[in-house]
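Here is a short note to read beside the model. Please keep the sequence and the 3D view open while going through the points.

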Amino acid sequence: MKKALIVGIDDYGNPSLNLTASVNDAIAVEKLMKYHGDGKTNFDVVTLKENVQTKAELNSLIIELFKYPSDIALFYFSGHGNDDCLGYQLATPDGRIHDMGVPMSQLMNLVAASPAKNKIVILECCHAAGIENQYTANGMATYLHEGVTILASSRHTQKAYQINDHSIFTNLLLQAMEGGAADLNGHITAAGIYAFIDKAMGPGQQRPVFKTNTSEFVPIRTIIPRVSPEILKQIPVFFPNSTDKFLLDPSFEDTNDPTVKHNYVKPYAQTENVSRFKMLQDLQKVGLVEPSGAPYMYFAAMHSKSCKLTPLGQHYWRLMKDKG
């Protein structure tokens with residue numbers, strides 16, 4: 001089972017403190033968490049809470065999320081983050097000085113004690129990385145327990161900002177989960193999301209933070225792969241050895257046909273070769289195959305050159321070969 005708690009707080013009971021993007025953030029994240037790109041159910045349980053009013057309520061929701069065994073327990077929070085002499089907190093509307101909301105140290109204790117296999121915390125707030133900057137009473141840094149992953153929108157000294165209807169970090173998070181962070185299999189992991197956001201945000205005032213202690217990244221969401229698994233399985237068929245070249249000739253190019261009004265050469269297009277060439281071109285589009293001896297796959301075929309696996313293609317060759 002996969003469970004997610006999505007919280008967005010705009011209304012802090014004070015015009016000078018109220019936000020305008022956090023609820024939008026939460027609603028948009030919830031929609032993507034519910035379903036994969038192909039429409040199938042993603043998280044079994046997705047709890048959306050808009051404008052939680054009290055620290056006690058937020059505490060109860062977090063406790064409920066992390067207290068049961070599950071494959072993934074994911075917590076997303078968008079709202080105010082607070083930093084004072086007592087540490088970092090996720091602010092709630094009933095907050096008061098030195099007690100602004102749920103302490104991040106308390107959140108991490110609940111995460112550490114959770115029986116869930118994978119615990120993912122995504123914070124969209126000021127001072128978000130304060131969650132990994134916690135210390136014990138003797139001044140020792142807290143340990144990031146196995147299976148825990150943190151995605152924070154800003155460093156512990158920084159504020160988080162919004163653009164239009166969404167926070168900057170969450171706007172990129174949504175793009176990443178819609179497919180921007182997907183690997184060739186269509187899998188979207190926390191590491192992929194961070195890499196996508198890290199490149200997109202640039203060296204500005206607000207920088208995301210990524211911390212994890214896991215031996216395997218589990219997909220948070222999947223989309224339809226850019227290359228079908230059937231085509232990936234053909235890599236070892238086309239290239240029996242990872243350093244082999246696949247010889248081409250004009251019969252692989254479907255436009256090289258007398259019925260097409262342009263210059264054509266023998267051997268003319270052949271159905272089987274055209275089908276294989278289209279698969280090779282699909283692999284070329286995602287950086288797994290490249291033409292050899294010609295600038296483009298078309299010319300490699302028309303001039304009877306070849307194509308070969310890129311270093312990334314050789315990596316997938318090994319993966320497909322191991323799968324048999």
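1. A term comes first. A polar contact is a pair of N or O atoms within 3.5 Å; within protein, one must be able to donate a hydrogen and the other to accept it, and residues adjacent in sequence count only if both atoms are side-chain atoms. The side chain of glutamine 89 makes such a contact with the side chain of asparagine 82, at 2.6 Å. The side chain of aspartate 84 is another polar partner of glutamine 89, at 3.3 Å.

2. Some ground rules. The model is predicted: local features need pLDDT of at least 70, side-chain atom pairs count only at pLDDT 80 or more, and totals for chains, interfaces and linings use all residues. Residues are numbered from 1 along each chain as its sequence is written, and side-chain values use heavy atoms, with hydrogens and water left out.

3. Now the whole chain. The protein chain holds 10 helices and 16 strands. Helices (H or I, at least four residues) and strands (E, at least two) are DSSP runs, numbered from the N terminus. The C-alpha trace spans about 80 × 40 × 35 Å along its principal axes. The radius of gyration is 25 Å, where a compact globule of 324 residues would have one near 20 Å. That radius is taken over C-alpha atoms, and the globule rule is 2.2 Å times the number of residues to the power 0.38.

4. Next, burial and contacts. Of the 324 residues, 48% count as buried. Buried means under 20% relative accessible area, exposed over 50%, and partly exposed in between (1.4 Å probe, protein chains only). Contact means heavy atoms within 4.5 Å. Among contacts between residues at least 6 apart in sequence, 69% join residues at least 24 apart.

5. Back to glutamine 89. Where does glutamine 89 sit? Its place is strand β5, residues 87-96. Glutamine 89 counts as buried because its relative accessibility is 5%. Beyond four places in sequence, glutamine 89 touches several residues, including His80, Gly81, Met100 and Pro103.

6. Compare glutamine 106. Helix α3, residues 104-113, contains glutamine 106. Is glutamine 106 exposed, partly exposed or buried? Glutamine 106 has a relative accessible area of 29%, so it is partly exposed. Its side chain makes a polar contact with the side chain of asparagine 59, at 2.4 Å. Glutamine 106 and alanine 73 are 33 residues apart along the chain, and their C-alpha atoms are separated by 16 Å.

7. Look at tyrosine 76. Strand β3, residues 72-78, holds tyrosine 76. Tyrosine 76 is buried because its relative accessible area is 0%. Which residues does tyrosine 76 contact, leaving aside neighbours within four places in sequence? Among them are Leu5, Ile6, Val7, Val29, Ile122 and Leu173. The C-alpha atoms of tyrosine 76 and glycine 37 are separated by 20 Å, with their positions 39 residues apart along the chain.

8. Finish with tyrosine 12. The loop between β1 (2-8) and α1 (22-34) carries tyrosine 12. Tyrosine 12 has a relative accessible area of 7%, so it is buried. Past four places in sequence, its contacts include Leu17, Leu19, Phe77, His80 and Pro93. How far apart in space are tyrosine 12 and glycine 313? They are 52 Å apart, C-alpha to C-alpha, and 301 residues apart in sequence.
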